[in-house]
Structures are given as structure tokens and as C-alpha cells.
Amino acid sequence: MVLRLVWSAYNQALLSRPILTKSLTSGFMYASGDILCQAGLSFQKKEEHFVVDWKRAAVMGFFGTFISGPMYHYWFAYLNTLPIRMLEIRKHRQRFKILRAYSVLKKYNIKVGQFVLPEAIPYSDRIVKTSKIILDQLVFSTVYTGAFFMGVGILNGIAGVDSGEHVAPREVPHPALASIPEASSIPTQTVVTTKRNPETIALLYSLHSMKTDQNKEIVERVMQELEAQPEPVHLDTLIKDAWEHTKNVYWQTYIADCIVWPPLQLVNFTFVPLRFQVLYVNLCNLFWNAFLSFMANDNKDDKDVNK
């Protein structure tokens, strides 16, 4: 009874708010697939206590909700119009052949009476399904696989999943330096909280060499704080790292995609109504997303397993 009510409510949501419903479903399944991947790795490493990396799961959920869900919705809607588009192309080709033949006959003064262009015969269901699967693999999967690794790689970097916490640099001098007159030479635009800023470090060492014990204590405390803070993440670095990782894992992931998804999509296009096709893909994605999550975090997981 409860399952029937839930299913009825889900159906109603698909009809009233299809994109939102499919996006939230995708986000949930992507996060669940990532947690499944984490659990598998924890079991592989024989950990006594499994702790979920919620940041990593949140990144997958974010990508599934705001990117995968809408992409699935519009892509399957387009594929549903493929038979009509194929029939239109067939009509144009047939009309072109007939008119070309007519022009040849007219060239040799062969009279042709009035005629009606015959109706084009729609393609068979087998050809339509095959065309959908080929398009899905050659167009959608090629683009989506690259977009997934680039998107998740950048989001992981921003969220601090792989490279530590993302710290927004301060644009004012450290408050502890306010009591040192010589520190006023630091421009307010200088990023004092970045330990890799050479000008700031040079100035701190200069202040540290002064004879005032109070100055030395303040500067030492600031330098300790600088050493304790992680390196800020820059977008260009994130894009570069994501691109390098994408190049490393793209083809093996795409080959696996070409093996796994054609049979699943054949079932999808044969038996599943259009409004449930994204739901079907999301259910299949539970285990596929676990694989994608492993590939997206391949370097990090390899290091953890080999420890």
C-alpha cells in the first residue's frame, strides 16, 4: 500500500514537474552510487569501521542533480522524436530521387503525366532502436563521459575532496601584524595568508630579524598559522588537473560504457515508456555510478588501497 502511494506520487511528480523530478532522482542515485563505491573500497581495504566521505558523495549528488538529470531529460526527449525525424529525411531523399528522375526524362523529351509523390514508408522498429543506441553511444556517451570527469574533477577540487580544503585568500594583512609599525608596508591587496607569497614571506623574515621580542613572537605566530593553512585552490589548476585525469581514464571508461549500456538501452527503448526512461537509466546507474565514482577518484583511491 505504501509503495503504491509512493509510486503514484512519483508518477504525478513526473507529469507535473518532469525536469525537477528526474534531476532529484539522478542526484540521489549518483550520491548512492558513490557511497556504494566507498563501501566497496572500504571492504577491499578490510577497514573495521566504514566512514562515508559525505563531501565526495555530495559532489556526485550535485553533478547528478544539476547536470546529469537535465541532460538525460532532454536527450531522451530528443531520441523519442527520432522516428519522425528519420521519416522526414526519408521523404526528402525519396522526393529528391523522383524529381531527379523526372528532370532526366524531361531532358530527353519523354512526356510524363501528372503524378502524386508516394508516401514514404517509415523505418522498421528494429532500425529505429538500433539508430537510437548508435546515437546514444556515439553522441551522448562521448560527450557525457568527458563532461563527467571534467565536472566532478573540478567540483572535487573546489570541495577539497582530493587536494585539501579550498581556502579563499584574505585580501587584508594579518591582524597580528597591526601592532608592528614596519608591517604597514604590506599592501592591503597582498595575500598574507598564502604561505607561498614570496614578498610576504620576505617581509615576515625581515620583521622577525628585528630586536623587539614582541615583534618576533607575533611574526612567529603568524608564520605558524601560514604553515598550518593549505594552499588555496586556483580554478586554472583545477581545470588542468581535471583534464589530465580525464585523458587518463576516458577511453577505458568509454569502452566499458560501449559494452554495458547498449543492451540496457535496448531494453529501455523497447519496453519503458518515455516518462520512465530516465528513472530506468538512474536505476541502472546505481552500479554504473559506483564505477564512475571509482574512476573519477582513481588516483586517490589507488593511493589509499596501496598504503
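**Exercise 1. Work out the order of elements along the chain, and count the helices and strands.**

Start at the N terminus and walk along: the elements run α-α-α-α-α-α-α-α-α-α. Keep in mind that this is a predicted model. Now tally up: the chain has ten helices and zero strands.

Next, look at how the chain folds back on itself. Take the contacts between residues at least 6 apart in sequence: 75% of them join residues at least 24 apart. As for burial, 38% of the 307 residues count as buried. The accessible surface comes to about 18,900 Å², and 64% of that belongs to carbon and sulfur atoms.

**Exercise 2. Find the largest nonpolar core and say which helices build it.**

Step one is the membership: this core has 32 residues, and those with the most contacts inside it are Tyr30, Tyr72, Phe76, Tyr144, Phe148, Phe149 and Val152.

Step two is the source of those residues. Helix 1 (2-16), helix 3 (54-80), helix 5 (125-159), helix 8 (235-271) and helix 9 (274-296) each give at least two. Helix 9 makes the largest contribution, with ten residues.

Step three, zoom in on Tyr72. Skip its neighbours within four places in sequence, and Tyr72 is in contact with Ser26, Tyr30, Phe140, Tyr144, Val278, Val281, Asn282 and Asn285.

**Exercise 3. Describe how helix 5 and helix 8 cross.**

First, get the geometry: their axes come within 6 Å and cross at roughly 150 degrees. Then the hand: this crossing is right-handed. Finally, sort the residues of the contact, and you get 19 nonpolar, eleven polar and four charged.

**Exercise 4. Is Ser23 buried or exposed, and what does Ser23 touch?**

Place Ser23 first: it sits in helix 2 (residues 18-44). The cut-off for buried is under 20% relative accessible area. Ser23 has 6% relative accessibility, so Ser23 counts as buried. Leaving out neighbours within four places in sequence, its contacts are Gly64, Thr65, Gly69 and Pro70.

**Exercise 5. Put Leu274 in its setting: its helix, its accessibility and its partners.**

Leu274 belongs to helix 9. Partly exposed covers the range between the 20% and 50% cut-offs. With a relative accessible area of 33%, Leu274 is therefore partly exposed.

For partners, again ignore neighbours within four places in sequence: Leu274 is in contact with Phe76, Ala77 and Asn80. Check the Phe76 pair for distance too. Leu274 and Phe76 lie 198 residues apart in sequence, yet 7.4 Å apart in space, C-alpha to C-alpha. Phe76 also turns up in Exercise 2, among the residues with the most contacts inside the largest nonpolar core.

Terms used. Residues numbered from 1 in each chain as written. Predicted model: local features only at pLDDT ≥ 70, side-chain atom pairs only at ≥ 80, totals over all residues. Heavy atoms only, no water. Core = buried A, V, L, I, M, F, W, Y, C linked by side-chain atoms within 4.5 Å. Buried < 20%, exposed > 50% of the residue type's maximum accessible area, 1.4 Å probe, protein only. Helix = DSSP H or I, 4+ residues; strand = E, 2+ residues; numbered from the N terminus. Contact = heavy atoms within 4.5 Å. Axes fitted to C-alpha atoms, helices over the stretch in contact; angles between N-to-C directions. Left-handed = near helix turned anticlockwise from the far one by under 90°. Nonpolar A, V, L, I, M, F, W, Y, C, P; charged D, E, K, R; others polar. Areas by Shrake-Rupley, 256 points an atom, 1.4 Å probe, with all protein chains shown as cover.
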